[in-house]
Amino acid sequence: MTFISIVYALFLLSILGIYWTVNKQRSRLWILLIASLVFYTSLQVEYIPLLLLGTWINYRIGRAIAKTSERQPNPQTWQLVTDDWQTQFAAWERRRLIGLWGGILFNILVLAGFKYIPFIFNSLGTWFGLPAAQETATWFQQNILPPLGLSFFVFECIAYLIDVYRGSPASAQFLRFASYKLFFPKLISGPITRYHHFQRQLKTLIFPSSHDWVEGLWLIACGAFKKGVVADRLGIFVTLSFENVQRAGSGDLWLATIAYGLQLFLDFSGYVDIARGSAILLGFNLPKNFNFPYFSTSIADFWRRWHITLGDWLRNYLYFPLGGSRVGLARTCLNLIIVMLIAGIWHGAAWGFILWGAVHGIALAVHRLTDILSKRVEGLKLLWKSIPGILFSWFLTQTFVFLAWIPFRLPNLREAGWVMQHFWGHTGDIQFTEKVYLESLGLQRIEVTLLLVLIWLIMTLSYAMNRGLKLQLNWPIKIALVPLCLYAVWIFAPEGGLPYIYFDF
């Protein structure tokens with residue numbers, strides 16, 4: 001069952017009908033949990049026990065950390081001298097840390113066990129000439145399929161345990177925690193949602209207003225259009241191009257790179273739109289994950305707008321604990337590089353993802369240095385605020401972002417390097433043009449170029465209306481567009497569709 005399917009539409013309608021006919025919160029939680037298990041069963045039934053076990057273990061660890069917190073020694077009630085109280089406090093803090101690190105280690109081992117063992121053994125086999133290690137990696141790749149949504153599952157669990165350690169209340173009921181953890185709209189690809197954000201909404205859960213119904217349906221229709229009509233059509237061209245890079249010309253490589261950047265954004269943001277729309281119909285508001293990232297004018301601004309919930313996670317649970325920007329300029333730059341390296345590793349077990357994270361970390365460090373210099377030099381400050389400066393910084397940022405997508409799309413560094421080396425002066429195979437453009441797409445190269453330009457213009461118009469003029473579509477227009485978007489998906493989406501890109505992460 002995928003989001004863009006008749007099966008999901010019937011599934012969601014059935015759940016809404018049952019969900020809003022019951023009044024007790026406990027009954028609604030059971031409906032959510034059962035619906036989430038049914039949803040995941042339709043994708044990977046074999047991993048249902050693992051999800052439930054992981055949810056239960058994290059719930060129990062959270063309860064253990066909270067229980068330890070409740071036993072914190074209080075010098076006003078404990079009849080202890082100062083030295084004794086400090087000893088008791090140290091023991092209390094040690095128990096909490098053991099619980100926290102035990103939970104973090106458990107989640108990381110689960111993630112590493114399914115996603116990174118083949119990469120680790122393959123790398124060891126290549127570096128040290130160990131055929132047995134490479135055979136082990138091959139066996140894992142052929143026989144062990146990573147659970148869908150495991151990375152998002154693990155990050156949410158780690159965030160929950162850290163929040164409890166920092167003083168937030170642990171979930172008192174396993175049903176509530178499991179309903180949050182396995183909530184089907186966000187289960188596979190987010191957005192990454194904190195438990196306490198979800199819990200607060202449970203306390204005020206009410207039937208959606210007419211405005212909410214319109215907004216939810218609009219997000220679902222808009223997300224389906226982004227994914228089915230635009231991203232999947234771009235994905236056909238991207239796949240054909242990157243699977244035949246040796247035959248593509250320099251112009252084809254540029255078009256494929258731009259098309260992939262657009263496909264990735266529309267594919268992922270389309271998923272999030274459908275997830276958020278489905279959640280609104282169930283009475284929940286999931287956090288936004290994108291805010292026009294391709295109109296950012298610096299790499300730091302890009303990461304405030306792209307995959308927002310992942311950026312928040314990295315800041316709150318990695319960057320700030322490492323010291324953030326409070327530990328001197330050199331250490332700040334190192335922290336940025338470390339955080340983005342981890343972000344790259346989180347996305348996938350391949351050197352291409354590590355390279356992607358590294359270059360983004362270096363870019364953030366360079367931006368930090370440039371920003372400090374600009375604040376000290378009045379001329380630079382004025383330059384970046386001028387229209388030419390803004391346009392140049394936008395162009396520089398987006399050029400970097402799109403070029404950095406190459407190792408993201410081609411995690412094999414040899415293939416990614418080949419593409420980077422042939423961006424200029426490389427003549428493509430004439431058969432590439434015939435097979436890819438004419439036979440597969442039914443379009444000329446210039447028509448594909450114009451299509452990409454049209455997508456950019458539509459995004460620019462949307463950005464200008466939303467951020468510049470502060471204009472939003474009113475509800476009658478959204479109601480009228482919902483069936484049109486869904487009909488367009490029905491007619492123009494590729495048969496069978498393409499899998500969501502972030503399902504692999």
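In the predicted model, Phe184 is in contact with Phe3, Tyr8, Phe11, Leu12, Ala35, Ser36, Phe39 and Leu282, when neighbours within four places in sequence are left aside. Phe184 belongs to the loop that joins helix 8 and helix 9. With a relative accessible area of 0%, below the 20% limit, this residue is classed as buried. Pro293, 109 residues away from Phe184 in sequence, lies 26 Å from it in space, C-alpha to C-alpha.

One of the partners of Phe184 is Ala35, a residue of helix 2 (residues 25–44). Ala35 is likewise buried, its relative accessible area being 3%. Beyond the residues up to four places away in sequence, Ala35 touches Phe11, Ile15 and Phe184. Phe11 therefore appears in the contact lists of both Ala35 and Phe184, two residues that are themselves buried. Trp218 is separated from Ala35 by 183 residues in sequence and by 22 Å in space, again from C-alpha to C-alpha.

The loop between helix 8 (174–181) and helix 9 (195–203) also contains Pro191. The peptide bond that leads from Gly190 to Pro191 is cis, and its omega is near 10 degrees. Most peptide bonds, in contrast, are trans, and most residues other than glycine have a negative phi. Positive phi values are found at two further loop positions. Phe292, which is not a glycine, has a phi of about 50 degrees and is placed in the loop between helix 11 and helix 12 (299–305). His307, also a residue other than glycine, has a positive phi near 45 degrees. This histidine is located in the loop between helix 12 and helix 13 (308–319), and it counts as buried because its relative accessibility is 0%.

A further histidine, His196, is part of helix 9. Its relative accessible area of 12% is under the 20% limit, so His196 is buried. Residues up to four places away in sequence apart, His196 touches Tyr160, Asp163, Ser168 and Pro169. Thr138, in helix 6 (residues 131–143), has a relative accessibility of 35% and therefore counts as partly exposed. The C-alpha atoms of Thr138 and Asn122 are separated by 8.0 Å, the two residues being 16 positions apart along the chain.

Helix 10 comprises 33 residues, from 210 to 242. From its first C-alpha to its last, helix 10 reaches 45 Å, a value close to the 48 Å expected at 1.5 Å a residue. A bend of about 35 degrees occurs in helix 10 at Ala231. Glu215 is also found in helix 10. With residues up to four places away in sequence not counted, Glu215 touches Ile280 and Lys478. Glu215 and Ile280 are 65 residues apart along the chain, yet their C-alpha atoms are separated by 7.8 Å.

The packing of helix 11 (residues 250–281) against helix 17 (residues 387–409) was also examined; the axes of the two helices come within 9 Å and cross at roughly 80 degrees. Helix 11 and helix 17 are therefore roughly perpendicular to each other. On the side of helix 11, the contact is made by Trp254, Thr257, Ile258, Tyr260, Gly261, Leu262 and Leu264. Helix 17 contributes Phe402, Leu403, Trp405, Ile406, Phe408 and Arg409. Classified by residue type, this contact of helix 11 with helix 17 has 10 nonpolar, two polar and one charged residues.

Conventions
Residues numbered from 1 in each chain as written. Predicted model: local features only at pLDDT ≥ 70, side-chain atom pairs only at ≥ 80, totals over all residues. Heavy atoms only, no water. Helix = DSSP H or I, 4+ residues; strand = E, 2+ residues; numbered from the N terminus. Expected span 1.5 Å × (residues − 1). Bend = angle between axes of the 7 residues up to and from the residue. Axes fitted to C-alpha atoms, helices over the stretch in contact; angles between N-to-C directions. Parallel < 35°, antiparallel > 145°, perpendicular 65-115°, else oblique. Contact = heavy atoms within 4.5 Å. Nonpolar A, V, L, I, M, F, W, Y, C, P; charged D, E, K, R; others polar. Buried < 20%, exposed > 50% of the residue type's maximum accessible area, 1.4 Å probe, protein only.
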